[in-house]
Amino acid sequence: MTHSRFRSLALLFCLAASSACRGTDASPTGGVVVVSSGADAETLVPPLVEGSQGRVVTELIYDKLADVGPALNTFGDVGFVPKLARSWDWSRDSLTITFHLDPGARWHDGQPVTAYDVQYAFRVWTDSAVGAVQRAALAAVDSVSAPDSRTARVYFRERTPEQFYAFTYTLIPLPAHRLASLPGAALRDAPEVRSPVGSGPFRFVSWAPRTRLELSANTAYYAGRPRVDGVVFVFAAQGATVAARLLAGEADFVEQLSPPDFAQLPRDGAVRAQPYGSLDYTFLLFNQFDARDAARPHPIFADRAMRRVLTAAIDRSTIVRSVFDSLARPAIGPFSRMQWTADTTLTGIAFDPSAAARMLDSLGWRDTDRNGIRERAGRPLAFSVLVPASSRPRQAAAVLLQAQFKAVGVAVTIEQTDFNTFLDRARRGAFDAMVSGVRTSPSPRGVRDWWGTPGPDRGIQNWGRWSNAEFDAQLDSALSAPRVEELRAHIHAAYQAALNDAPAIWLYEPRFFAGVHRRLTVRALRPDAWWSGIVNWSIDPAQRLPRDRRAPATP
Amino acid sequence: MPREIVTRLLHAIAVCAVVATSVFVLIQCAPGDPFATALDGADVPPSVRAEWRARYGFDLPPGERFVRWAAALTRGELGYAASRHRTVAEVVGDAMPRTLLLVGVALGLGFAAGVGIALVQTRHHRRWQDRVLGALTLGGVAVPEFLVALLAMTWLGARWRLFPVAGMGSLGDAGAWPLWERILDLVWHLALPAGVLALAVASRVARHQRAALLAVMREDYIRTARAKGLGEWDVIVRHALPNAIGPVIALLGLALPSLVGGAVLIERIFGWPGMGLTLFDALLARDYPLILAAVLLATVLAVVARTVTDAIAEYVAPRRARER
Amino acid sequence: MAASTWRRLLDDRAARVAGGVLGAAALAAVLAPWIAPHDPTLQPDPVALRLVAPSWQHPFGTDPFSRDVLSRVLHGARVSLGVAAGAMLLSVTLGAALGALAAVVGGWVDGVVSGLVDVLIAMPRLLVVIALVATFGTLSPWWLVALIGGSGWLTTARIVRAEFRDHLQREYVLAARALGASRWRITWHHLLPAVAPQLAVAAALALAAVIPLEAALSFVGLGVQPPLASWGNILLDGADYLTSAWWLVLFPVAAVSLTVGSALILADRLRVAIAGEEHGE
């Protein structure tokens, strides 16, 4: 009866807590939240969205069937919050989940949200003419049927602990009555998707790409209208400008303040920094293979002992404090502390420069010509570190790494490239080492994409081509473990295997601080989606501004 | 004159073809593609990447892509900007008016201010006015523009809140304001970006104009004018300026096209997404239809600007002969 | 005739001061390893000593990595001025050669060169260089010299072409031709020396254009690679701390502005000296 463990009492819990899980619990306050952002969405077509800003906007316009709860659990359906689906039940063999749609759920044009919309969305996500970015997440889903207009039944090919999460987190029901007549390929830029009609708490109003995007509160929202009247996103490519807008009072909210922004926060408390967890972690990745000849092992990093020595030479806490002050923590391993599967009991390689120096001596790397750089067989101990020019913290980390490596006789050159070149070289394996960053999802599945042995089902993003059988096996066992305790045990073993093998130096995990203007009250910000509680945000009516006035509604 | 324009246009078209081809080759050689960052996610399978490439024809050999692009161009189609999920015409149609507004205002202001400064400097040649203004205009050229922009944004915008930090208009119900209020709002938002750009233009114009004026002031007909008993201002403004302004106008004609794409950092810092920023992003995204369109536009603009400024210069210049 | 122009320049106080500033900057660049108080890449304590305000120990303060800003500005002069000088030489040589070719050969060569100049001058130089940087990947200072220099020959080519065409009509050239001197002999012995002052003006202007370009390139993260210091990347480090660590911005900007300003003054005074020559003053 393992399948019963996938079910949960979350539903009952949520019903008891009334609408708090879904909609608002208080009266509207009015006002418009202005969010200052560094990047715009590229598209508002949900299956084609990849960037974070695109996710923000589409998830405000469109609701999912159910959403991850505040604990970010992805196992079974524990803690999941009902959205368009008011409830769901599992078949005995856990291969079928039946979603019961909320009868009040309406598209912004007034049409009811139906099971056909779920069916249609599944068709879109799996249509190769559309090219849905997250299609792989739905690989385990066989089909979706609609026994009646308010019941959607999802059939799975196999049973996995995260099947509920994978389906509900990825698939966004789309308005079939508006889009179904379009061929898949036309979905990218049809007028219907340029001004989207969704089912979520906010309606689309207007979009001037790279300038401004406006949403207004959906007063007919089935879970209770948002407390504010609308959300406006304003964009600027320069990081300093994004923060300056908040400091000048032109915006109410910035998703993430950078360490230099903190020095600028006004003393009168007009802007406060609200901490929340992040799912990011950054690491120095070693390429296991030669940068010039992908078939040959890397002359330095193919050797496990060498990777461990280099790791021991790095003082991560200094890097963290220099770049972030207290706004980050040293990373532990191939995961984020915010994931529910995070493991803080692992044994890492401790910082010990003198031991590292001794080890390098014993490995034959000695500074024979007294130039400060070690050699072995006439070859200097040198490598390059690839960094994207778009990330200031990663560049700073590279400069600090360079100095620390130099202290033990290792010569590092930094190669800063634009992001496109960075990705291209990463994919081709044309690098020695690189400062890479990951924004994980709440699920531990991503670990397999980043660190699994490259192959058809894993390791898509494993640019260093590190391969460890123990790690792969333990991770596989974890991801199919029927019980949470088993999963944790396997995850622990997998992570420990990774740490022992040192495929990378895990550098830092930033702590995010949102910048929030005094007039705005926000609820707890979820690490994977700060906007998830936005229906409950409020603006102090005493601190209204002229920009809160809305233009008379056009029908 | 018309014949000259036609030859110049033909030249420009020929050169354009060469430039477009080399730009295309350059972009082909650059690593990466328009989908690299869009499909950056770890869970994006290679098959999706292949589908996206096929969707926009990136799976075709480069030669064929270029021929297709050129063929579409002859039909008046600029192609599709894959990195923006919009047609090139839409992207450029959004960005170009913003840039023309920003650069137009900055050039107009800068030109007027620059000529004015030069006149004052010439009138008070080698006196303190000349020296102070000279130092200021030298500073206006010597201090990097992006730094002035950053300082203006931080202090005039964020700290002292005299002007908006960024953006092109007020939020809220601004769309429903009466026309003149909307224009005022636009001017208020233009103040910092156009001001910083105008400062740079004014400094350059003033330095050139002053040199040109001083050169003219040595000519015989100026002495004649003075001998006629005209006031010094009259001599400078009515006699010297018309003969000295031609080269400066020509200079502006040269500067305009490169300013259209060259205000990247100003556009970036003040959240004014015009052609410069569009081209910058397109370069980083290797979005060749967008890049090529911008290059072609700049060329057309260059030809137009040169023709117009030449015509103006020719209109202004004959007075010199008359005066003599 | 050019010799008197140079003499006139030497008599000009403003020109001497500007030349002095440029000379001092060049000297600082050459002597940086000996006069810099610290190793420009040394990070004594990147946590406790970061962003320390100017003091006797660090007259220009420290940067976010606790490195000494004075030493970085001095060493930055090596890179910034070196790149600028190299790029300037390359662009002026290239421009002079192409401009001369266009004027002397004329015909279709002139058409091609003038056409290229007409179109390329419409391309924003920063973006041209960024396109080249993106294509060729990473950047050593030598590549920067090639890319920046290779994109800057247009104005010089225009000036040289115009000057050459002017001189080609003058009597002394016509006389030399009548005496049977070849085109290249005339170019080398008469035309080039005649336009040398103009070339010097172009060179000074090129220098003034290249230094801010390097800074702007660094500002978007595609300039000189760390830990090598350049005025541009010191500025980039400082731009984040505009309101909290003024010393990170002030000193590199002062360095950039002083050299650019001096180059501009030099170009101005040269022009005046040339004009004085022509007016026979």
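Strands β6 (residues 141–148) and β7 (residues 151–156) of chain A run antiparallel and are joined by five bridges; strands count as paired if DSSP finds at least two bridges between them. Together β6(A) and β7(A) make a hairpin with two residues between them. Helices (H or I, at least four residues) and strands (E, at least two) are DSSP runs, numbered from the N terminus. Please keep in mind that this is a predicted model, in which local features need pLDDT of at least 70 and side-chain atom pairs count only at pLDDT 80 or more, while totals for chains, interfaces and linings use all residues. Residues are numbered from 1 along each chain as its sequence is written, and chains are lettered from A and ligands numbered from 1 in the order in which they are written.

**The sheet around β7 of chain A**

- The hairpin belongs to an open sheet of four strands in the order β4-β5-β7-β6 (chain A), with antiparallel pairing.
- β4 (85–90) and β6 of chain A are the edge strands, each with a single partner, so one side of each has no neighbour in the sheet.
- Neighbouring strands here are turned by 20° against each other on average, direction ignored; the angles come from axes, which are lines fitted to C-alpha atoms, for helices over the stretch in contact, and they run from 0 to 180 degrees between N-to-C directions.
- On its other side, β7(A) pairs with β5 (residues 96–101) of chain A in the antiparallel sense over five bridges.
- To find your way along β7(A), note that T96(A) stands opposite Y155(A), T98(A) opposite R153(A), and V144(A) opposite V154(A).
- In a regular strand the side chains alternate between the two faces of the sheet.
- In β7(A), the covered face holds A152(A), V154(A) and F156(A), and the uncovered one T151(A), R153(A) and Y155(A).
- Helix α4 (residues 115–126) of chain A lies across β5, β6 and β7 of chain A, and runs at about 160° to β6(A).

**Helix α14 of chain A and the contact with chain B**

- Where chains A and B meet, 49 residues of chain A are in contact with 45 residues of chain B; two residues are in contact if their C-beta atoms, placed from the backbone, lie within 7 Å.
- On the chain A side, β10 (230–235), α8 (239–247), α14 and α15 (445–451) each supply at least two residues.
- Of these elements, α14(A) gives the most, with six residues.
- By class, this side of chain A has 22 nonpolar, 11 polar and 16 charged residues; Ala, Val, Leu, Ile, Met, Phe, Trp, Tyr, Cys and Pro count as nonpolar, Asp, Glu, Lys and Arg as charged, and the others, Gly among them, as polar.
- Helix α14 (residues 419–428) of chain A has N420(A), T421(A), F422(A), L423(A), R425(A) and A426(A) as its buried residues; buried means that 20 or more other C-beta atoms lie within 10 Å of the residue's own, with C-beta atoms placed from the backbone.
- Those buried residues pack against β17 (382–388), β18 (411–417) and β19 (433–439) of chain A, and also against α11 of chain B and α5 of chain C.
- Just after α14(A) comes G429(A), with a positive phi near 75°.

**Where chains B and C meet**

- Here 33 residues of chain C are in contact with 40 residues of chain B.
- Helix α11(C) gives the most to the chain C side, with nine residues.
- That side of chain C divides into 23 nonpolar, eight polar and two charged residues.
- Helix α11 (residues 275–285) of chain B packs with α5(C) at an angle of about 10°, their axes 10 Å apart.
- The two helices are therefore roughly parallel, a label given to angles under 35 degrees.
- L279(B), F280(B), L283(B) and L284(B) of α11(B) meet L127(C), I130(C), A131(C) and A134(C) of α5(C).
- The residues of this helix contact are eight nonpolar, no polar and no charged.

**Chain B and the nonpolar core**

- Chain B contains 13 helices and two strands.
- Buried residues make up 51% of its 324 residues.
- The largest nonpolar core has 380 residues, and A149(B), I291(B) and A204(C) have the most contacts inside it; such a core is a set of buried Ala, Val, Leu, Ile, Met, Phe, Trp, Tyr and Cys residues joined through C-beta atoms within 7 Å.
- Helix α9(C) provides the largest share of this core, 21 residues.

Key. A residue is buried if 20 or more other C-beta atoms lie within 10 Å of its own, exposed if 12 or fewer, and partly exposed in between; C-beta atoms are placed from the backbone. Angles under 35 degrees count as roughly parallel, over 145 as roughly antiparallel, 65 to 115 as roughly perpendicular and the rest as oblique.
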